[in-house]
Amino acid sequence: MKDFTLEYFTMIEQDAVDYAKTRIDFFQEDAVLTCKEIGDGNLNYVFKVVDEKNNKSIIIKQAGPVARISDEFKLSTDRNRIESEILGLQHKLAPGYVPEVYQYDPIMNCCAMEDLSNHEIMRTALLKHEKFPLFPDHISTFLVNTLLLTSDVVVEHKEKKALVKQFINPELCEITEDLVYTEPFYDCPRNEIFEGSMEFVKETIWNDKKLVLESAKLKFEFMNHAQSLLHGDLHTGSIFIKEDSTKVIDPEFAFYGPAGYDIGNLIANLIFAYANGKFTIEDEETRDDYLNYLVTTIKDVVNLFTDKFNKAWDEKATEQVAGYDGFKEYYLDTILRDTAAVAGLELLRRVIGLAKVKDLTTIEDREARIRAEKICLAAGKTFILNRESIKTGADFIHVIQSAELT
Ligand code: SR1
Ligand code: MG
């Protein structure tokens, strides 16, 4: 057995079994352990270790020195500390909405956490056209509790600055700065554009000087607005779900940034599910029903966020100026504006940039995929350019529906 206490190495399945036996106080003496590496994300290794005898299981997540998607991305393994620590904090702020972390190991750069195999990855479930009526209620609570309750509105300012320092995350932020805010807006060699969408990208995105300028402004807001402790990568692949439960996972991109980043990211990914459903569900009645479900979900996420944000502000704000007439409304407006902008950026980057979403790439019919990508690009552009006037759930839906007419 390898020694896990001396120096870091990347584990294989047998190592994870040995690690679980010797380094984690979770399984019983008579446990019969098996392990499978189940990670399908872009960055890390995820080992599911099961005690076949006593029917218990655990997840061990390890950060490797390079990203799985491409070894071009050399990344500090410190991201595993960030993930463990933010999950601990979110567990307190939004109980029940994140997995429980049992321990973090700074030598092996891994953490052991609750196995959520009784849930499904939300993206996978949506692509099977499953519905989760409680999701908007769950996720809006998560968003308000993790975003507002980590901001200067609520947290004592020196304590908040200590959190900013604790969650400095330069390398993962650089990935976002490059992949979301920079590369989609020019003919970057790292982009991966479906050939049928190339002309539309050139004409409507790269040749639009005003849009490109807006992307620069947004990039600097992302880098310089330490407003809330973000999840930082809140797409539907970062959510485990079942009918009565929502668990947000994978917050390794966490840092202090604009609150709208998480909300916008989520909305865009619900729109990808919409685009997929529109072009892959053959039966008209089933398709309309599913698209209506997604429309309601998007509307409810925005509107419930707004309602709960207002309530939480009234109940929990500690900052003196939070009580000034009109300040809450101004502050919420800026979050909704940033939400629209980030929804737009995410819609563009998943079509143009390196990191794709299955919602689009699995649309087999060429023409249908081009149509789906055009809708995402057109909606994305409007979200960015018109962000100042997109505030309600209905406003978000209006942008999608207008893009469908392009
Ligand atoms: C190199 S990482 C590519 C993407 O995967 C992550 O989930 C983030 O979305 C990132 O942009
Ligand atoms: Mg992830």
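# Group meeting: a two-domain model and its ligand

Let me start with the ligand. The shell around ligand 1 divides into 7 nonpolar residues, 3 polar ones and 1 charged one. Keep in mind throughout that this is a predicted model. So who is in that shell? We have Gly 41, Asn 42 and Leu 43, then Ala 67, Ile 69 and Phe 73. Further along the chain come Ile 175, Thr 176 and Leu 179, and after those Asp 233 and Ala 355.

Where does ligand 1 sit relative to the domains? Domain 1 (13-114) and domain 2 (120-404) both contribute residues to the shell, so ligand 1 lies between them.

Okay, on to the domains themselves. The domain assignment gives two for this protein, domain 1 at 13-114 and domain 2 at 120-404. Where they touch, 19 residues come from domain 1 and 23 residues from domain 2. If you look at the side of domain 1 that touches domain 2, you'll find 12 nonpolar, 4 polar and 3 charged residues. And the centres of the two domains, taken over C-alpha atoms, are separated by 27 Å.

Let's walk through some pieces of domain 1. There's a loop between β2 (45-51) and β3 (56-62), and Asn 55 lies in it. Asn 55 isn't a glycine, yet its phi is positive, about 55 degrees. For context, most residues other than glycine have a negative phi. Is Asn 55 buried or exposed? It's exposed: 7 other C-beta atoms lie within 10 Å, and the cut-off for exposed is 12 or fewer.

Next, please find helix α2, residues 79-93, because I'd like to show you Arg 81, which lies in that helix. Arg 81 counts as partly exposed, with 19 C-beta neighbours inside 10 Å, and buried would take 20 or more. Leaving out residues up to four places away in sequence, Arg 81 touches Tyr 104 and Pro 106. There's also Ala 63, which is 18 residues from Arg 81 in sequence and 9.5 Å from it in space, C-alpha to C-alpha.

Now, Tyr 104 takes us to a hairpin. Strand β4 covers residues 101-105 and strand β5 covers residues 110-114; they run antiparallel, joined by 4 bridges. One of the pairs to look at is Gln 103, whose bridge partner in β5 is Ala 112. Between β4 and β5 there are 4 residues, and in that turn Asn 109 has a positive phi of about 50 degrees.

Over to the other domain. Here we have an open sheet of 3 strands, in the order β6-β8-β9, with antiparallel pairing. Which strands are at the edges? They're β6 (120-121) and β9 (245-248), each pairing on one side only. Strand β8, residues 239-242, runs antiparallel to β9 and is joined to it by 4 bridges. Looking at the register, Ile 241 has Thr 246 as its bridge partner in β9, and Lys 242 has Ser 245. The connection from β8 to β9 is a hairpin through 2 residues.

A third residue with positive phi is worth a stop. His 129 is found in the loop between α3 (122-127) and α4 (135-147). Its phi is near 65 degrees, again positive in a residue other than glycine. How exposed is His 129? It counts as partly exposed, with 17 C-beta neighbours inside 10 Å.

Compare that with Gln 227, in the loop between α8 (209-224) and β7 (228-230). Gln 227 is in a loop too, but it's buried, with 23 other C-beta atoms within 10 Å. Its contacts, again not counting residues up to four places away in sequence, are Ser 151, Tyr 256, Gly 257, Pro 258 and Ala 259. Take Gly 257: it's 30 residues from Gln 227 along the chain, yet their C-alpha atoms are separated by 5.3 Å.

Last stop is helix α13, residues 366-385. At 1.5 Å a residue, its 20 residues should span 28 Å, and the end C-alpha atoms are 29 Å apart, which agrees. How many of the residues of α13 are buried? It's 14 of the 20, so the helix is largely enclosed by the rest of the structure.

To finish, back to the start: ligand 1 lies between domain 1 and domain 2, because both give residues to its shell. Happy to take questions.

Technical notes:
Residues are numbered from 1 along each chain as its sequence is written. Chains are lettered from A and ligands numbered from 1 in the order in which they are written. This is a predicted model: local features need pLDDT of at least 70, side-chain atom pairs count only at pLDDT 80 or more; totals for chains, interfaces and linings use all residues. A residue is near a molecule or strand if its C-beta atom, placed from the backbone, lies within 6 Å of it. Ala, Val, Leu, Ile, Met, Phe, Trp, Tyr, Cys and Pro count as nonpolar, Asp, Glu, Lys and Arg as charged, and the others, Gly among them, as polar. Domain bounds come from an automatic or database domain assignment. Two residues are in contact if their C-beta atoms, placed from the backbone, lie within 7 Å. Two strands pair if DSSP finds at least two bridges between them. The expected span of a helix is 1.5 Å times one less than its number of residues.
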